[in-house]
Amino acid sequence: ASQLLPLSIVSMIRNVGVGQKHSVADMLEDKSLPKIYDSEGYKVVTTAVVSHLQVLVMDADVDVRRSASDSLAGLAFYIRRDDVATVILPIPLRLSQQQPGNNAQSTKGKKNRDQQQQQQQTPEEGLTEELRITAANLLAELGGAGENDSIPRSLVREMILPAVLSLCRDPGFRVRRAAAQALPRVLGGTSVEDARNTILPAFEI
């Protein structure tokens with residue numbers, strides 16, 4: 001999974017690789033370098049390669065999920081900005097919704113549920129929770145990309161931030177922790193108004 005990002009760069013960007021102006025290492029180090037896209041390679045990457053990464057990011061092995069997530073987050077910097085919302089973002093959004101229920105509960109209820117989960121969680125439930133944690137981590141990386149406008153800030157505000165805030169209310173403690181840790185990254189792609197009007201009210205008791 002970790003090798004799919006450099007492979008994708010060579011496949012879809014014509015001015016990268018042997019005999020070209022920039023090497024893959026150059027492009028990985030400086031994401032702002034100009035990109036000349038190859039239409040056929042771009043189509044393969046944004047369909048077939050992304051499809052493979054979508055499967056790998058749901059793998060039972062945490063290292064495979066992490067590598068696939070890193071590749072997806074990195075790919076967001078190299079495809080066209082306007083394509084991030086349709087090519088990359090749907091993957092963590094789907095992962096974030098893979099939970100048995102999202103009913104509001106009291107703090108005491110959540111603590112009891114956390115204890116029950118630790119004692120009675122099935123392997124399937126454990127994997128589902130891990131996928132939501134992966135979603136939180138990937139959303140953090142994508143949200144952070146909005147800070148330097150690598151992806152549109154409107155995307156962070158309208159799609160990424162609401163998903164992270166939803167995960168902050170997840171039944172699983174580890175998911176809530178991952179989502180809370182994602183917020184500082186996401187904040188970089190939002191505004192002060194978003195923090196005041198959307199984020200702070202979400203944590204009022």
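## Core and ring contacts in an all-helical chain

Beyond its neighbours within four places in sequence, I160 makes contact with L89, L139, L142, G143, I151, L155 and V186. The model described here is predicted. I160 also belongs to the largest nonpolar core, which holds 56 residues; within this core, I160 and I88 touch the most other members. Helix α8, spanning residues 123-145, supplies the largest share of the core, with 9 residues.

The chain as a whole contains 11 helices and 0 strands, and its order along the sequence reads α-α-α-α-α-α-α-α-α-α-α. Of its 205 residues, 43% are buried. Considering contacts between residues at least 6 apart in sequence, 68% connect residues at least 24 apart. The accessible surface amounts to about 11,100 Å², and carbon and sulfur atoms account for 51% of that area.

Aromatic rings form a second topic. The whole structure contains 1 aromatic pair. This pair consists of Y37 and Y42 in an edge-to-face arrangement, with 5.0 Å from centre to centre and 75° between the planes. Both Y37 and Y42 are buried. Y42 has a further partner, as R80 lies over the face of its ring. Elsewhere in the sequence, the charged end of K31 is placed over the ring of F77. The two charge-over-ring placements are listed below.

| Charged residue | Ring | Distance to ring centre |
|---|---|---|
| K31 | F77 | 5.1 Å |
| R80 | Y42 | 4.3 Å |

Y42 thus appears in two of the arrangements described: the edge-to-face pair with Y37 and the placement of R80 over its face.

Note on methods
Residues are numbered from 1 along each chain as its sequence is written. This is a predicted model: local features need pLDDT of at least 70, side-chain atom pairs count only at pLDDT 80 or more; totals for chains, interfaces and linings use all residues. Side-chain values use heavy atoms; hydrogens and water are left out. Rings of Phe, Tyr and Trp (its six-membered ring) pair if their centres lie within 6.5 Å; planes under 30 degrees apart count as stacked, over 60 as edge-to-face and the rest as tilted. Buried means under 20% relative accessible area, exposed over 50%, partly exposed in between (1.4 Å probe, protein chains only). A charge sits over a ring if NZ of Lys or CZ of Arg is within 6 Å of the ring centre and within 35 degrees of the ring normal. A nonpolar core is a set of buried Ala, Val, Leu, Ile, Met, Phe, Trp, Tyr and Cys residues joined through side-chain atoms within 4.5 Å. Helices (H or I, at least four residues) and strands (E, at least two) are DSSP runs, numbered from the N terminus. Contact means heavy atoms within 4.5 Å. Accessible areas come from the Shrake-Rupley method with a 1.4 Å probe; for residues, only the protein chains shown count as cover.
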